[in-house]
Amino acid sequence: MTERATETPEPGMVLRTPRGRLFRFDPGALCLELLLTSDPGGLPWTYETLREPADLVRWAAESRLPDGLPLVVGDEELERARVLRGALWRMTRARARGEELAPADTQVVNEAAAAPPLVAAVTPSGERVWAPAATGSALLSTVARDAVELFTGPNAHRVRECEAVECALHFVDTSRPGRRRWCAMGRCGNRHKVRAHRARTALPGDGAGRAEGEA
Ligand SMILES: [Zn+2]
């Protein structure tokens, strides 16, 4: 038996809070990981990380896609990635609110999904590899197809926004009980626990309610 070269990595992506603290957030689906490259949803997630084609290549490497993708992205594909991300964001928010999806957004996703997706291959030793020369267009197709499966699949009604009022992170709850409330226990889950504890123990007027800072 050969040793596994790498352990299965934890799912999700590493994010940075406005104060610079790192935490891991697993939104539960590839298409939702693309939303983490920007903040279409308002404070405090104001940033854009897809500034040049290499940024999309880096996102793909950090995403839940298997490693080793030989990806080359062009400027036009980067622009389409931002358009797809915007459509996915509005669809995700609509789903989380129980609203209908906008036809203009589903059209963006469906057009991206219609292109040929990323292709995997098997080696003679039974290893999974990516087929050579993956394009940004193929990457976007794979992301869009993931979105089609998510928004039409059994977990479509489990797309949610983190319950913390100041948090705009969205995820699909893939847990068996289906009671996931927070983006990450290491962020909003713990902050909620700390606040609940303070609320139980605070005396009136001691300023405990003011301490809203991050852990
Ligand atoms: Zn949160």
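How much space lies in the second largest pocket of this protein? I will come to that pocket in a moment, but please keep in mind throughout that what we have in front of us is a predicted model.

The answer is that about 310 Å³ of space lies in the second largest pocket. Thirteen residues line this pocket, written as 13 in the analysis, and those closest to its centre are V14, L15, L36, T49 and E62. Two elements of secondary structure, β1 (13-16) and α2 (53-62), each give at least two residues to the lining. If we sort the lining of the second largest pocket by class, we find seven nonpolar residues, together with two polar and four charged ones.

Let me step back to the overall fold. The protein has six helices and eight strands, and when these are read along the sequence they follow the pattern β-β-α-α-β-α-α-β-β-β-α-β-β-α. Of the 215 residues in the protein, 41% are buried. Among the contacts with a separation of 6 or more, 56% are between residues that stand 24 or more positions apart.

Helix α2, which I mentioned with the pocket, also holds P53. Is P53 buried or exposed? The relative accessible area of P53 is 19%, and because buried means under 20%, this proline counts as buried. Leaving aside residues up to four places away in sequence, P53 touches V73, G74, D75 and L78. There is also a longer step along the chain to consider, since the C-alpha atoms of P53 and G136 are separated by 8.8 Å, with their positions 83 residues apart in the numbering.

Now to the metal. Which residues coordinate the zinc ion? They are C162, C167, C183 and C188, each through its SG atom, at 2.3 to 2.4 Å. The angles among the four donor atoms run from 102 to 117°, and the site of the zinc ion is tetrahedral. Along the sequence, the donor residues follow the spacing C-x4-C-x15-C-x4-C.

Two of these cysteines deserve a closer look. C162 counts as buried, at 4% relative accessibility, and C167 is buried as well, with a relative accessible area of 2%. C167 sits in the loop between β7 (159-161) and β8 (170-172). Its C-alpha atom and that of C183 are separated by 8.2 Å, and the two residues are 16 apart along the chain.

I would like to finish with two residues from other parts of the chain, beginning with A133, which is found in the loop between β5 (128-130) and β6 (134-135). What is particular about the backbone of A133 is a phi near 60°, a positive value in a residue other than glycine. As background, most residues other than glycine have a negative phi. With a relative accessible area of 63%, A133 is exposed, because that value is over the 50% cut-off.

The other residue is N110, which lies in helix α4 (residues 103-114). At 45% relative accessibility, N110 falls between the cut-offs of 20% and 50%, and therefore counts as partly exposed. The C-alpha atoms of N110 and S141 are separated by 8.8 Å, and these residues are 31 apart along the chain.

Conventions:
Residues are numbered from 1 along each chain as its sequence is written. This is a predicted model: local features need pLDDT of at least 70, side-chain atom pairs count only at pLDDT 80 or more; totals for chains, interfaces and linings use all residues. Side-chain values use heavy atoms; hydrogens and water are left out. On a 1 Å grid over the protein atoms alone, a cavity is a set of points where a 1.4 Å probe fits but cannot get out, and a pocket is an open set with protein on both sides within 12 Å along at least five of seven lines; lining residues have an atom within 4 Å of a point. Grid points are joined across faces, edges and corners, and a volume is the space filled by probe spheres set on the points. Helices (H or I, at least four residues) and strands (E, at least two) are DSSP runs, numbered from the N terminus. Ala, Val, Leu, Ile, Met, Phe, Trp, Tyr, Cys and Pro count as nonpolar, Asp, Glu, Lys and Arg as charged, and the others, Gly among them, as polar. Donors are N, O and S atoms within 2.8 Å of the metal (3.2 Å for Na, K and Ca); water is not among the atoms, so sites may look incomplete. Four donors count as tetrahedral if all angles lie between 85 and 135 degrees; four count as square planar and six as octahedral if opposite donors are over 155 degrees apart and all others between 65 and 115; anything else is irregular. Buried means under 20% relative accessible area, exposed over 50%, partly exposed in between (1.4 Å probe, protein chains only). Contact means heavy atoms within 4.5 Å.
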